[in-house]
Amino acid sequence: MIDKDKVLSMVGLAMRAGKVTSGEFSTEKAVKRGRAVLVLVAGDASENTKKMFENMCAYYQVPMRVYGTKASLGHAIGKELRASLAVLDRGFAGSILKLVNPES
């Protein structure tokens, strides 16, 4: 079972450390520039958004997980609704991946 509080807390810590970029445009830019180590996409994001990030992350070999909701991802980083975010630090990304079910 996933402990959502721990995952979202880790995302919040990464944000406070300046290691998260959020929003579709910024996330896409981070992936294409090779800065993103992990991409999280909200479960209630549009199918087009999920598919776009699945394809992009597969091409650039960046792990991607569908996790939480737009509201929970946004709240975790102290912003409004966020459909996607990129973690820019290997340590934070590794911790988040251990908490999130790898098959999701």
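Four strands make up an open sheet of mixed pairing, in the order β1-β4-β2-β3. The structure is a predicted model. The points below start with the sheet, move to helices α2 and α3, and end with the nonpolar core and two of the residues around it.

**The sheet**

- The edge strands are β1 (20-22) and β3 (64-66), each of which pairs on one side only.
- From one strand to the next, the twist averages 20 degrees.
- Strands of a sheet pair through backbone hydrogen bonds, in either a parallel or an antiparallel way.
- Strands β1 and β4 run antiparallel and are joined by three bridges.
- Strand β2 (residues 38-41) and strand β4 (residues 84-87) also run antiparallel, with four bridges between them.
- The remaining pair, β2 and β3, runs parallel and is joined by three bridges.

**Partners across the strands**

- Val87 in β4 is the bridge partner of Val20, and Val87 is the bridge partner of Leu38 as well.
- Val39 stands opposite Ala86 in β4.
- Leu40 has Leu85 as its bridge partner in β4, and Leu40 stands opposite Arg65 in β3.

**The two faces of β2 and β4**

- Strand β2 is covered on both faces: Leu38 and Leu40 are buried on one side, and Val39 and Val41 are buried on the other.
- In β4, Ser84 and Ala86 point one way while Leu85 and Val87 point the other way, and all are buried.

**Helix α2**

- Helix α2 spans residues 24-32, and its buried residues are Thr27, Ala30 and Val31.
- Seen down the axis of α2, these buried residues fall within an arc of 100 degrees, so they line one face of the helix.
- They pack against β1, β2, α3 and β4.
- Gly34, just after α2, takes a positive phi of about 80 degrees.

**Helix α3**

- Helix α3 (residues 47-60) has 14 residues. From its first C-alpha to its last, α3 reaches 20 Å, close to the 20 Å expected at 1.5 Å a residue.
- The buried residues in α3 are Thr49, Lys50, Phe53, Met56 and Cys57.
- Seen down the axis of α3, its buried residues fall within an arc of 140 degrees, so they line one face of the helix.
- The cover over the buried residues of α3 includes α2, β2, β3 and β4.
- On the face turned away from the buried side, α3 carries the exposed residues Glu47, Asn48, Ala58 and Tyr59.
- Gln61 follows α3 and has a positive phi, near 55 degrees.

**The nonpolar core**

- In soluble globular proteins, nonpolar side chains tend to be buried together.
- The largest nonpolar core here has 34 residues, and the members that touch the most others are Val39, Leu40, Leu85 and Ile96.
- At least two residues of this core come from each of α1 (4-16), α2, β2, α3, α4 (70-76), β4 and α5 (90-99).
- Helix α1 supplies the largest share of this core, five residues.

**Val39**

- Leaving out residues up to four places away in sequence, Val39 touches Thr27, Val31, Phe53, Cys57, Val62, Pro63, Met64, Arg65, Leu85 and Ala86.
- Among these contacts, Thr27 and Val31 are buried residues of α2, and Phe53 and Cys57 are buried residues of α3.

**Met64**

- Met64 lies in strand β3.
- With a relative accessible area of 13%, below the 20% limit for a buried residue, Met64 counts as buried.
- Leaving out residues up to four places away in sequence, Met64 touches Val39, Val41, Lys50, Phe53, Glu54 and Cys57.
- Among the residues that Met64 touches, Val39 and Val41 are buried on one side of β2, while Lys50, Phe53 and Cys57 are buried in α3.
- Met64 and Glu54 are 10 residues apart along the chain, and their C-alpha atoms are separated by 6.8 Å.

Notes:
Residues numbered from 1 in each chain as written. Predicted model: local features only at pLDDT ≥ 70, side-chain atom pairs only at ≥ 80, totals over all residues. Heavy atoms only, no water. Pairing = 2+ DSSP bridges. Axes fitted to C-alpha atoms, helices over the stretch in contact; angles between N-to-C directions. Expected span 1.5 Å × (residues − 1). Buried < 20%, exposed > 50% of the residue type's maximum accessible area, 1.4 Å probe, protein only. Arc of directions from axis to C-beta. Contact = heavy atoms within 4.5 Å. Core = buried A, V, L, I, M, F, W, Y, C linked by side-chain atoms within 4.5 Å.
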